[in-house]
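User: Can you walk me through this one? I'd like the overall picture, then a helix pair, then any odd backbone spots.

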Amino acid sequence: MGNNIHWYPGHMKKATIKIEERIKSVDLVIELLDARAPISSINNDFEKIIGNKKRLLVFTKSDLADKEQTSKWQEYFLSQNKDVLLLDISRDNVSKILTDKIKVYGKDKHDKEIAKGMKPQPIRAMIVGIPNVGKSTLINKLSKRRAAGVENRPGFTRGEQFIKVNNDFLLVDTPGILPMNYEDKKKAANLALLGSIREEILPKYDLVTYLLNNLKAHYPNGLSSRFGIDNIGDIEETINMIGCKRGALKAKGEIDIEKVTSLILSEFRNGLIGKFTLEWVNNA
């Protein structure tokens, strides 16, 4: 897929600096990972910044992922002594689930404050993650208002915000941040498929080819329910078949490649094709 993928707008560099400054004042870091590609959605630059802070990994969009693989990924991270919480951020009870979890993390802090005769202070939690992983949606659920802007494109949340969820804890929101570049082209392709990297930096046809090859390897019947294609065979032929079935045609009856590839990408991202995981534990 060509040379290293570079994607590092100026606001991401500024946001990284702010996180480094603010990290000292928080009690817990909540890192959001897309359940469809947990490894790709880890920003390794956070490792140095977070250091020894308490850390909770939250899998978002698990409702769009392969349930069996999600369970295996949870076991994988737990085996590395990393706490993992699965969240469907579209559900109404998401606030209670995360609030209860954060209270557990803050118990030691509150116990020390009470022992000193102090009134327990709110737990300060910082939410970090790559673009389009669901941070703003989660924060709006927690705060029960539109506290953070939401838009389905990477780099939309620009400002850093303090948000009072309740009397027990505060959240520090941060913009979605990516590493400066990706030497692993598969990770870059995964993030482009998830909408975390703008798809313009990778040709749509190459991206769809990568997606269909991934489905062919792990979900050979993955296109049957949406497109009526029982087995994924030749990729070019498969794209043409989808184009015909969906009427993505030019005036002379030729397949409109731009239209059909855009359609496939959109329907994959929205979970309309099926529940798929791009990264499997046995390949980690």
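**Helix packing and two loop residues**

Analyst: One point to start with: the crossing of α7 and α10 is left-handed. Keep in mind that this is a predicted model.

User: Which residues make up α7 and α10, and at what angle do they cross?

Analyst: Helix α7 covers residues 204-218 and helix α10 covers residues 257-269. Their axes come within 9 Å and cross at roughly 50°. Angles under 35 degrees would count as roughly parallel, and 65 to 115 as roughly perpendicular. The two helices are therefore oblique to each other.

User: Which residues of α7 meet α10?

Analyst: From α7, K204, Y205, L207, V208 and L211. Their partners in α10 are I257, E258, T261, S262, I264, L265, F268 and R269. The residues of this contact divide into eight nonpolar, two polar and three charged.

User: How far does α7 reach from its first C-alpha to its last?

Analyst: It reaches 21 Å over 15 residues. That is close to the 21 Å expected at 1.5 Å a residue.

User: Which residues of α7 are buried?

Analyst: L207, V208, Y210, L211, L212, N214 and L215. What covers them includes α6 (185-194), α9 (235-246) and α10.

User: Zoom in on L207. Buried or exposed?

Analyst: L207 counts as buried, because its relative accessibility is 1% and the cut-off for buried is under 20%.

User: What is L207 in contact with, leaving aside neighbours within four places in sequence?

Analyst: A189, A192, L193, E199, L202, L265 and R269. Take A189: it is 18 residues from L207 in sequence, and the two C-alpha atoms are 6.5 Å apart.

User: Back out to the whole protein. How many helices and strands?

Analyst: Ten helices and eight strands. The protein has 284 residues, and 48% of them count as buried. Of the contacts between residues at least 6 apart in sequence, 67% join residues at least 24 apart.

User: Now the backbone. Which residue between β3 and α3 should I look at?

Analyst: K61, in the loop between β3 (54-60) and α3 (67-78). Its phi is near 60°, a positive value in a residue other than glycine. Most residues other than glycine have a negative phi.

User: And what sits in the loop between α3 and β4?

Analyst: N81 is in that loop, ahead of β4 (83-86). N81 is not a glycine either, yet its phi is positive, about 60°.

User: Are these two buried or exposed?

Analyst: K61 is buried, with a relative accessible area of 16%. N81 counts as exposed, at 74% relative accessibility.

Definitions and conventions. Residues numbered from 1 in each chain as written. Predicted model: local features only at pLDDT ≥ 70, side-chain atom pairs only at ≥ 80, totals over all residues. Heavy atoms only, no water. Axes fitted to C-alpha atoms, helices over the stretch in contact; angles between N-to-C directions. Helix = DSSP H or I, 4+ residues; strand = E, 2+ residues; numbered from the N terminus. Parallel < 35°, antiparallel > 145°, perpendicular 65-115°, else oblique. Left-handed = near helix turned anticlockwise from the far one by under 90°. Contact = heavy atoms within 4.5 Å. Nonpolar A, V, L, I, M, F, W, Y, C, P; charged D, E, K, R; others polar. Expected span 1.5 Å × (residues − 1). Buried < 20%, exposed > 50% of the residue type's maximum accessible area, 1.4 Å probe, protein only.
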